[in-house]
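Let's walk through the inside of this one together, starting with its empty spaces and moving on to its packing and its aromatic rings.

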Amino acid sequence: MTALAAAIQVLGGLALAPLLPGLVQSMKARLQGRRGPSPLQPYRELRRLWGKSLADPQPTTVVYRLAPCLVAAATVLALLLVPIAGRAPDWSLGNDALVLVGLLALARFALAASSWDTGSGFALMGSGRDLTFAVFAEPLLVLALLLAALPAASTDLVAMAAAAAGSGPWTEPVHWCGALAFALVILVETGRQPIDNPDTHLELTMVHEGPLLEYAGRDLALLEWSAAARHWIVLVLGAELFLPHGGGFWAQLGWLAAGVAALCAGLALTETAQAKMRILRAPGLLAGGCLLALAGLASFLIGGL
Amino acid sequence: MSAVDLLAAAGGALLLAGTILPLLRLPAPPALALQAVGAGLLGAVGALVLFGAAPVGAGFRDGLHPALGIDGLSGFFLAAIALVALPSLLYARDYLAGAAHERELAALGGLFIVSLCGVVAARDPSLFLAFWELMTLAPAAAILLRRHDAAVRHAVFVYLAVTHLGGAGVWICVLALAHYGALSDPGALAAQGSGAQALVLVAALIGFGTKAGLAPLHSWLPRAHPVAPSHVSALMSGVMVKVALYGLIRVLFEWAAPAPLWVGLVVLAVGLLSALGGVLYALLQHDLKRLLAFSSIENVGIAALGLGASILFASEGEATWAAVAFAAALLHTLNHAVFKALLFLAAGSFERAVGSLDLDRLGGLLRRMPWTGAAFALGAMAIAGLPPLNGFASEWLTLQALVHLAFGPALGLGLAGALAAAGLAATAALALFCFVKAVGLVLLGEPRRPEVAAAVEPPAAMRAAPVLLGGCCVALGLVPGLIVPALMELAPGGGRIATEPALVVPGTGSLPSLWLGVGIVGLTALLWRLRGGRRAAPVPAWACGQRIEPALRWSSDAFSKPLRLVLEGVLRPRREVEVVRAGGLVRSVRYRGEIPHLFDTALYGPARRRALAGARVARRIQSGSVRGYAAYLLALLLAVLVAVRVGVIG
């Protein structure tokens, strides 16, 4: 079973991740009454990019060229920390939730540094906004993970996933607060409306897309894959920690697939129903999420589990 | 005498010799070498004692009989001092070469190191306070010897005034402890009741807190650190504020132990305020050294978070986590000493090469100064708390402690822990923001001034020092688990974890930094191969078809603008836009903006005004006539006699 979990973790993470944004895009198109692209569109894009030549804005240093590799490497490691259906193979990397936060930060640093290297205003505008969001998103992520860690009293993701199984957690308000807070985390990390608009082609409104503007070819493919893998990481985590699951390995795997699909549908629905919010108002939303998480913690500490 | 005792004596003697000899016309380089060997020996002794050798020298005593000694905690701090002092002295070799007052500066630097080592090795109140004052004065003299224009004199005045006002707390605390006999017998203070304990604790928090740069008493730090010579800045930011933390740790965890719950909450709150406030203002600075100074406040705050959490855990009876939080604070202290010294030394090299540290006038230095630049980038990544470097290990451990504090069961402590954990996460995100900006503006992009384009690497010693410290950042980051168990043993309540390279703490998913490091480097290299030697088309950066001209370059303010707008209510920026029109045409637009330091405008400004108003009132009784003063004396004497007669005193 663990071997299968390992296979899904690596191959699924690498190969299935691009399916998630594709799925969201195609569901969104259906909801909006368009035919839209096939869910496999991201794969075609990646294949196309993989064959293209690279671009090298002048003057850049090795920082610009190294950034996509570093971003992708940090994302792969983050992927290896996330258990699948409650199982995690031993990669000697541990399974700590807060290490995951650090790895995502490393990817953010590399991308922001590459924006400075190109000196492009649009890239820097985007990463400045991204980092501003992170100031509010990182506490939110830590608090959401803290709430998920309460039942297990451990930040080990495997223990957290096990403790969230069954119906017990659902009787506690802390679980609901944690789920809502994590939903906001999903919106930020995947760069979806109302925080960011993944479909924009207008440089002035870009947040996550901005730093990618200068890249081409395999560099861009690595970055696009990393963005898709971030979808995978937060959606799988969301399904494992906050959505109903339980039973044996196969049952959990089924729950996981259903959970991730449901979350994709949720993202598509939010994107259809919600317009993008003013950039300066997004931090307020995230800070509200933090307060909600603190309220959840208070309810837990008053009531116990 | 054991071999370790001899080593310690030899180290102290060499350090003293290296300090005194330059005044007797010994040239600076051999003197610096002597100091380095002495500091290195003391550091080695410290490390030996920390990892299990028997304590050296005397134990603490309450009388005024000078005594020196090294126990585990002192050993840790001596090792940290040596780790910063060795590269700083190496750096000073070329940095001071040919400078005015070279020998005097070398002597003052040595004196500073002597006083730093002295404070942590002092075993009686007289030596402790003497070294403490020397530690304040030596860098002030070094600053004034190098530069003495009005701005620098003012900075030094503020530094001396604030640290001396706050320093009164240290005197009160140490003398009170000696009076109660609590230095030699840690149980003695508790027997005096909670009033005496509260007096000592408040005095310690104010006294040591001021020197450590904890908000809101940090106002001197961002003024004094940037104007010092770079190797002294490195020692000030890297070690001096840590030595103040050493004093605080001694009081909180030994002399006044067990610290009551409220002290834990106060330390936690002060740490959170320092961490968030420090990094927020660091982000808004335009001068690299001022940015680094503000970030020192942040890092001291993070260490204070660990100490506060440790007190709270101890009051809950959780010995293991109390020890983990304590070790996290010490580990962060060590880590910060290493990377902050690196950043200050590199900043000194940039200043030497370019002549300015204005962030908006640098750029592109990675290409021109590859060694210093790469070390600076590494230090910035470490201080931003990125895995697998050392900053991440200690911030992870601190965050784990706070998260476990939030697990409860007490409601108040749980919420405090969660708030502090969220604050630390925000601090880490802000630090990333701040240091990616610093790296971008200093190292990347195109040079923003012609003199930057002509920058060259400094001489070998100045190049080697930051690179060595960069190596320490990597080493400490990869194997934190080898140090943390030894640090946990210094915690009063005991509690231990296994000694192995990875940090394996029960209740966490563990931090195997070594494998994370291997994974990151290996995967990056693999992807680099995959990306391959494909032809890269040279293109200009995209700016909607325009050329990116110097005026279009992104500045320090532009990058942080979104955050400034979001936090406008807190930061209260002032801006003025002046449009000059002539004949219906806009001739020029002048823009001026600044972000006042909130602590200055809201706290220090009013306090200063009140003090001056009070002084004006007091001046009325200053007649200047001798007879008047004699009358005051007589009146005071009579008042005392009356008081004695009535029985109020005596």
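Look first at what surrounds the largest cavity: its lining divides into 13 nonpolar, two polar and two charged residues. Here Ala, Val, Leu, Ile, Met, Phe, Trp, Tyr, Cys and Pro count as nonpolar, Asp, Glu, Lys and Arg as charged, and the others, Gly among them, as polar. This is a predicted model, in which local features need pLDDT of at least 70 and side-chain atom pairs count only at pLDDT 80 or more, while totals for chains, interfaces and linings use all residues. Residues are numbered from 1 along each chain as its sequence is written, chains are lettered from A and ligands numbered from 1 in the order in which they are written, and side-chain values use heavy atoms, with hydrogens and water left out.

The cavity has a volume of about 170 Å³. Of its 17 lining residues, the closest to the centre are Glu138(A), Gly385(B), Phe392(B), Glu395(B) and Ala428(B). Both chains take part: α5 (97–118) and α6 (121–149) of chain A, plus α16 (390–406) and α17 (411–443) of chain B, each supply at least two lining residues. The largest share, five residues, comes from α17(B). (Helices are DSSP runs of H or I, at least four residues, and strands are runs of E, at least two, numbered from the N terminus.) A cavity, by the way, is a set of points on a 1 Å grid over the protein atoms alone where a 1.4 Å probe fits but cannot get out, and lining residues have an atom within 4 Å of a point. Grid points are joined across faces, edges and corners, and the volume is the space filled by probe spheres set on the points.

Now for the packing. The largest nonpolar core (buried Ala, Val, Leu, Ile, Met, Phe, Trp, Tyr and Cys residues joined through side-chain atoms within 4.5 Å) has 331 residues, and Val251(B), Phe350(B) and Leu365(B) have the most contacts inside it. Helix α13 (residues 319–354) of chain B gives the most, 24 residues. "Buried" means under 20% relative accessible area, with a 1.4 Å probe and protein chains only.

On to the rings, which pair if their centres lie within 6.5 Å, using the six-membered ring of Trp; planes under 30 degrees apart are stacked, over 60 edge-to-face and the rest tilted. There are 19 aromatic pairs over all chains. Phe60(B) and Trp255(B) meet edge-to-face, 5.1 Å centre to centre with 85° between the planes. Trp255(B) is buried, at 2% relative accessible area.

How values were computed
On a 1 Å grid over the protein atoms alone, a cavity is a set of points where a 1.4 Å probe fits but cannot get out, and a pocket is an open set with protein on both sides within 12 Å along at least five of seven lines; lining residues have an atom within 4 Å of a point. Buried means under 20% relative accessible area, exposed over 50%, partly exposed in between (1.4 Å probe, protein chains only).
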